[in-house]
Amino acid sequence: MLQAWVVVLVALAYIGFLFAVASYGDRGRPQWAVRGMRPLIYPLSLAVYCTSWTFFGSVGLSSRQGLDFLTIYLGPMLMIGLFYPLILKVIRLAKSQNITSIADFIAARYGKNQAVAALVTLVAVIGAVPYIALQLKAVSASLLTMLGQTQQSVGHAIPIVGDLAILVTLTMALFAILFGTRHIDATEHQEGLMLAIATESMIKLLAFLIVGTYITFYLFGGPFDLINRANLQIDVLPVFTRMPDAATWITMTALSFLCIVLLPRQFHVTVVENNGAQEMKRAAW
């Protein structure tokens, strides 16, 4: 196990790095936007879809259901890759109606009915609370795992000061206040927030490549050796050799197909933060 102070120091350094990136991106019109980097940052920011719970959920689902976890990503690939003209229509409508949230968008279909907007907001809040709780649980659980404290002693609760979930919550809330909600104009683009999300997406991708390469070529002798070793595990083989259930695949693919646009955070990044059709076409590519 890593030393506790190393884990805490790395976590603080990473958070500080994201704060610095967001602060840099929030200073007026930074050079990365002037040089035309925005069309690259926008597609990377769409990976906000892949949250901490997504990583935990994908691993857990694949360990029980085999290849069913692919549906979580198949839906967004279909929506962004093939149905991006539909997203462009949503973006054009949102820009023309000065829409800044999924509640505004649905209410606009009914003549900007405030009751409809309030109902959609209520549904979004009710759905988001347990979802956010899962995110915080995933982050705190990963930190606790690295700290070697995956289980608490019976009758010994972690005090408030040492509760990682609360600390993570406060940090995320501070980040949201500084770089997400401090602007009066809701239609103003959050350049710093977008740059921070894009940077984090690159870090996630790099981490996946490093871990995947390490496991495949260091712990095992390559992809074929990995597959052969898996075939020898009688508790693993049935999970990946069973026939997938068509109803499950269709349902989960359809849900993820819609989530890449209709989740509140996805709607904001995909629609509100979009600066033109070229960015969506780059994302589709």
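**Exercise 1. Is D68 buried or exposed, and what is its relative accessible area?**

Before solving, a word on the model: it is predicted, so local features need pLDDT of at least 70 and side-chain atom pairs count only at pLDDT 80 or more, while totals for chains, interfaces and linings use all residues. Residues are numbered from 1 along each chain as its sequence is written, and side-chain values use heavy atoms, with hydrogens and water left out.

Solution.
- Step 1: get the cut-offs. Buried means under 20% relative accessible area, exposed over 50%, and partly exposed in between (1.4 Å probe, protein chains only).
- Step 2: apply them. D68 has a relative accessible area of 3%, so D68 is buried.

**Exercise 2. Find the partner of D68 in a salt bridge, and place both residues along the chain.**

Solution.
- Step 1: a salt bridge is a side-chain nitrogen of Lys or Arg within 4 Å of a carboxyl oxygen of Asp or Glu.
- Step 2: the partner is R242, at 3.2 Å from N to O. D68 sits in the loop between α4 (52-65) and α5 (71-82), and R242 in the loop between α12 (237-241) and α13 (246-262), so this pair links distant parts of the chain, 174 residues apart. Helix names follow DSSP runs numbered from the N terminus (helices are H or I, at least four residues; strands are E, at least two).
- Step 3: check R242 for cover. With 33% relative accessibility, R242 is partly exposed.
- Step 4: count. The structure holds one salt bridge.

**Exercise 3. Describe the overall build of the chain.**

Solution.
- Step 1: tally the secondary structure, which gives 15 helices and zero strands.
- Step 2: look at burial. Of the 285 residues, 31% are buried.
- Step 3: look at contacts (heavy atoms within 4.5 Å). Among those between residues at least 6 apart in sequence, 76% join residues at least 24 apart.

**Exercise 4. Work out which residues touch the most other members of the largest nonpolar core.**

Solution.
- Step 1: a nonpolar core is a set of buried Ala, Val, Leu, Ile, Met, Phe, Trp, Tyr and Cys residues joined through side-chain atoms within 4.5 Å.
- Step 2: the largest core has 38 residues, and Y42, I87, F175, F267 and M280 touch the most other members. Helix α10 gives the most to this core, namely six residues.
- Step 3: zoom in on I87. Setting aside neighbours within four places in sequence, I87 contacts M79, I80, V261, T270 and M280.
- Step 4: don't miss the second, separate core of six residues, which includes V7, V139, L143 and L147.

**Exercise 5. Which residues have a positive phi without being glycine, N98 among them?**

Solution.
- Step 1: N98 has phi near 60 degrees. N98 is in the loop between α6 (84-96) and α7 (102-108), and is exposed at 54% relative accessible area.
- Step 2: K112 has phi near 55 degrees. K112 is in the loop between α7 and α8 (114-147), and is partly exposed at 43%.

**Exercise 6. Trace what T171 touches beyond its sequence neighbours.**

Solution.
- Step 1: T171 lies in helix α9 (residues 164-179), and is partly exposed at 26% relative accessible area.
- Step 2: leaving aside neighbours within four places in sequence, T171 contacts I15 and F19.
- Step 3: compare the separations. T171 and I15 are 156 residues apart in sequence, and 8.4 Å apart in space, C-alpha to C-alpha.
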